[in-house]
Every structure is written in C-alpha cells, then in structure tokens.
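Here is a short guided tour, meant to be read with the viewer open. Feel free to rotate the model as you go.

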Amino acid sequence: MKLRGEMLATIQQMCRDNLVLGTWGNVSVRDGENHFLITPSGMEYSQLTAEDLVRMDFGGSADGRWKPSSEWRLHAALFQGREDIGAIVHTHSVHATAFAVARMPVPAVVEDLVQVAGGSVDVAAYTMPGTEELAQNALQALGSKSAVLLASHGLVGVARTLPEALKVCQIVEKTAQAALLARLLGPVHELSDEDISAMRSFYLTSYGPEKREEEIE
Ligand SMILES: [Zn+2]
C-alpha cells in the first residue's frame, strides 16, 4: 500500500501544480521485477483512491477493475528499456508543451535542469498517442537522460522515485517558461557539456540533505 499512497500523493501534487488538465497525463511506479502500478484510463484525479490504481505487467496483463492509462505501452517500454527507472510522470504542462509543439528541445540553460534531467530535453519523433511506436520513439529520444518531450503532446519525466520524477517535470516546466522569457530579452546561453556532466554526476551521487560532520554519530 505504500507505493499506492505515494502514487496518490504524486498525482495530487501534479494537479496542484497545474501540470495536467482534466484526466490527461499519467503516473506509474515500478512494483516488483515485471510489474508496475499505473493510473487508470479517463478517471478524474480528484476521485482516485488507492484501489483504483492498476497493477500490470510489461506485456499488458492488468489486475483490478479499471482499464490502465492508454499510454501504458510508453510506461512499459521505459521501465523495460532502462533498469534505473523506478517511476514515471507524464504531464501536459503549458510551457513544456509549447516546446513540444514547436518540436524544439528545452535548452540546457539552467543548472537545476541539467542536474535533474541530464541536459537539454529532446523531442521524440511524432506518432499517434498510445502506440508502441510512440513508446519506442520516446525511449530513443530519452537516451540516458531523465526527461523527454513527445512532439505535439507533452512531457515525460523519469527517475528513481515518484517524488523525483515529479520534480523532473516541475523543473522542466519552469525551465521551459524561463527559456521562453529569456528569448524575449536576447540570446540564451547554453551550459557546456563539461559543466553539464559534472553537475549531473554530482546530483546522481551526492545531492540531498547531509548532516554536518560533527553531528554524524
Ligand atoms: Zn499525454
């Protein structure tokens, strides 16, 4: 039940942050070796309970009373393609979607973005939602990073945990908004590959609260 509770908390925060409208967007978390929990298809997020979440395997067999999100193939492909992914949040937030519509990457212009996402957020080639082809395009465009845009659609954030995957979507959305505003002011400056890889490895290995040395027992 712990994972289901975390799923509900993530969904509620995603709604409070205006990252989705209506029943669009979806959330999943790995649950055992070949299974994951995913939001049901077409259900109002405010009504959702722990029992409504769908547990399914990578081949599409599902338990419970509801149909899984129509984007389950995308989630299954990412979990199968990248063993380090523990959770996935898919949103339709406005500024990230603007880049997805323009089919331009969100540039690597701020430090928190490159730490959590691993660099610019690239765009997966367009194809119809819900298809295996979209899932494979997303996996390919994601590479080893933590976020990918789906052309004319939205954003996918992946991470080790649900709170971290939500944070990826929040920071990509903030960066997309900041990059659009910055372009009104003048040219934007992308961070160097060297600085990006240093900040990314710092984030993956040592970022987070740390006790001061004298307090460690
Ligand atoms: Zn979507």
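## Strands 6 and 7

Strand 6 (residues 147-150) and strand 7 (residues 154-159) are antiparallel partners, joined by four bridges. Within this pair, A147 sits opposite G157 of strand 7. Please keep in mind that this is a predicted model.

Helix 5 (residues 132-142) lies across strand 5, strand 6 and strand 7. Relative to strand 6, helix 5 runs at about 135 degrees.

## The whole sheet

Zooming out, strands 6 and 7 belong to an open sheet of seven strands with mixed pairing, in the order 3-2-1-4-7-6-5. Strand 3 (54-57) and strand 5 (123-124) are at the edges; each has a single partner strand, so one side of each is left without a neighbour in the sheet.

On the strand 3 side, strand 1 runs antiparallel to strand 2 (residues 35-38), with three bridges between them. S28 has I38 in strand 2 as its bridge partner. The two strands make a hairpin with four residues between them, and G32 in the turn has a positive phi of about 90 degrees. Strand 2 in turn pairs with strand 3, again antiparallel, through four bridges, and H35 stands opposite D57 in strand 3.

## The zinc site

Which residues coordinate the zinc ion? The donors are H90, H92 and H153, each through NE2, at 2.0 to 2.1 Å. Along the sequence, their spacing reads H-x1-H-x60-H.

Two of these histidines can be described by their accessibility. H90 has a relative accessible area of 1% and is therefore buried, whereas H92, at 23%, is partly exposed.

## Two nonpolar cores

The largest nonpolar core holds 39 residues, and those touching the most other members are M14, V121, L149, L155 and V172. Elements giving two or more residues to this core include helix 1 (2-16), strand 1 (26-30), strand 4 (87-91), helix 3 (94-102) and helix 4 (111-117), along with strand 6, strand 7 and helix 6 (162-185). Helix 6 gives the most, with nine residues. In soluble globular proteins, nonpolar side chains tend to be buried together.

V172 is a good residue to select in the viewer. Leaving aside residues up to four places away in sequence, V172 touches A96, V106, L113, V121, A147 and L155. Another core, of 23 residues, lies apart from the largest one, and among its members are M56, F58, L150 and V156.

## Helix 2 and the loop before it

Is helix 2 (residues 72-81) largely enclosed or largely open? Seven of its ten residues are buried, so helix 2 is largely enclosed by the rest of the structure. The buried ones are W72, L74, H75, A76, A77, L78 and F79.

P68 is in the loop between strand 3 and helix 2. Its relative accessibility is 16%, under the 20% cut-off, so P68 counts as buried. Not counting residues up to four places away in sequence, P68 touches I38, T39, P40, S41, V54, M56 and A62. The C-alpha atoms of P68 and G42 are 9.0 Å apart, although the two residues are 26 residues apart along the chain.

## What the record says

An unreviewed UniProt entry annotates residues 5-180 as "domain: Class II aldolase/adducin N-terminal". In the model this span is 39% helix and 17% strand, and its end C-alpha atoms lie 35 Å apart.

Technical notes: Residues numbered from 1 in each chain as written. Predicted model: local features only at pLDDT ≥ 70, side-chain atom pairs only at ≥ 80, totals over all residues. Heavy atoms only, no water. Pairing = 2+ DSSP bridges. Contact = heavy atoms within 4.5 Å. Axes fitted to C-alpha atoms, helices over the stretch in contact; angles between N-to-C directions. UniProt positions renumbered as here; feature names shortened; annotations may be inferred. Donors = N, O, S within 2.8 Å, 3.2 Å for Na, K, Ca; no water. Buried < 20%, exposed > 50% of the residue type's maximum accessible area, 1.4 Å probe, protein only. Core = buried A, V, L, I, M, F, W, Y, C linked by side-chain atoms within 4.5 Å.
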